[in-house]
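Grab a pencil and work through these exercises with the viewer open. Try each task before you read its solution.

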Amino acid sequence: MTKLQQWANNRVQEHKEQMSKRTPPKVIARPQSKSNPNTKYMVMQYANGDITCNCPGFLYKRKCRHTA
C-alpha cells in the first residue's frame, strides 16, 4: 500500500468516526408543497439550533416560509 493510499484510508476512518459522534437532526415538520400536493418537505433542527428545509426555496435562498 502506498503512502497516499494509507493517508486516504486514515482520512476515511477519521471521517467515519466523526460522523458516528454527530447527533442526527430532528425532523420537526413535514409541510406539503402548495404547488405539488404529492410532495412533502422536511424541516429539520440540528443540535446547535440551526433549522433547515429541503424545499427549493430554502436550497436556493437559505430561507423559506417553512422555517419561519
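**Exercise 1: Placing W7**

With a relative accessibility of 53%, W7 counts as exposed. Keep in mind that this is a predicted model.

Task: Find the element that holds W7, then work out how far W7 is from C64 in space.

Solution:
- Step one, locate the residue: W7 sits in helix α1, which covers residues 3-21.
- Step two, check the label: the cut-off for exposed is over 50%, and W7 has 53%, so W7 is exposed.
- Step three, go C-alpha to C-alpha: W7 and C64 are 41 Å apart, with their positions 57 residues apart in sequence.

**Exercise 2: Overall shape**

Task: Compare the radius of gyration of the chain with that of a compact globule of 68 residues, and see what the box and the burial add.

Solution:
- Step one, the radius: a compact globule of 68 residues would come out near 11 Å, but this chain has 18 Å.
- Step two, the box: along the principal axes, the C-alpha atoms fill roughly 55 × 25 × 20 Å.
- Step three, burial: 16% of the 68 residues are buried.
- Step four, contacts: among those with a separation of 6 or more, 11% link residues 24 or more positions apart.
- Step five, surface: the chain exposes about 5900 Å², and carbon and sulfur atoms supply 52% of that.

**Exercise 3: Tracing the sheet**

Task: Write down the order of elements along the sequence, then sort out which strands stand at the edges of the sheet.

Solution:
- Step one, count: the chain has 2 helices and 3 strands.
- Step two, read along the sequence: the pattern is α-β-β-β-α.
- Step three, build the sheet: the 3 strands form an open, antiparallel sheet in the order β1-β2-β3.
- Step four, find the edges: β1 (26-29) and β3 (51-53) each have a single partner strand, so one side of each is left without a neighbour in the sheet.
- Step five, add the twist: neighbouring strands are turned by 35° against each other on average, ignoring direction.
- Step six, zoom in on a pair: β1 and β2 (residues 43-45) are joined in the antiparallel sense over 3 bridges. V27 has M44 in β2 as its bridge partner.

**Exercise 4: H66 and the core**

Task: Is H66 buried or exposed, and which residues does H66 touch?

Solution:
- Step one, position: H66 is in the segment after α2 (56-61).
- Step two, accessibility: H66 has a relative accessible area of 17%. Buried means under 20%, so H66 is buried.
- Step three, neighbours: leaving out residues up to four places away in sequence, H66 touches P31, Y41, V43, C53 and C55.
- Step four, the core: the largest nonpolar core has 6 residues, namely Y41, V43, C53, C55, F58 and C64.
- Step five, follow C53: with that sequence exclusion, the contacts of C53 include Y41, V43, F58, C64 and H66.

**Exercise 5: A backbone oddity**

Task: What is notable about the phi of R62?

Solution:
- Step one, position: R62 is also found in the segment after α2.
- Step two, accessibility: R62 is exposed, at 55% relative accessible area.
- Step three, the rule: most residues other than glycine have a negative phi.
- Step four, the value: R62 is not a glycine, yet has a positive phi of about 65°.
- Step five, a distance: the C-alpha atoms of R62 and Q32 are separated by 19 Å, and the two residues are 30 residues apart along the chain.

Technical notes
Residues numbered from 1 in each chain as written. Predicted model: local features only at pLDDT ≥ 70, side-chain atom pairs only at ≥ 80, totals over all residues. Heavy atoms only, no water. Helix = DSSP H or I, 4+ residues; strand = E, 2+ residues; numbered from the N terminus. Buried < 20%, exposed > 50% of the residue type's maximum accessible area, 1.4 Å probe, protein only. Contact = heavy atoms within 4.5 Å. Core = buried A, V, L, I, M, F, W, Y, C linked by side-chain atoms within 4.5 Å. Rg over C-alpha atoms; globule rule 2.2 N^0.38 Å. Areas by Shrake-Rupley, 256 points an atom, 1.4 Å probe, with all protein chains shown as cover. Pairing = 2+ DSSP bridges. Axes fitted to C-alpha atoms, helices over the stretch in contact; angles between N-to-C directions.
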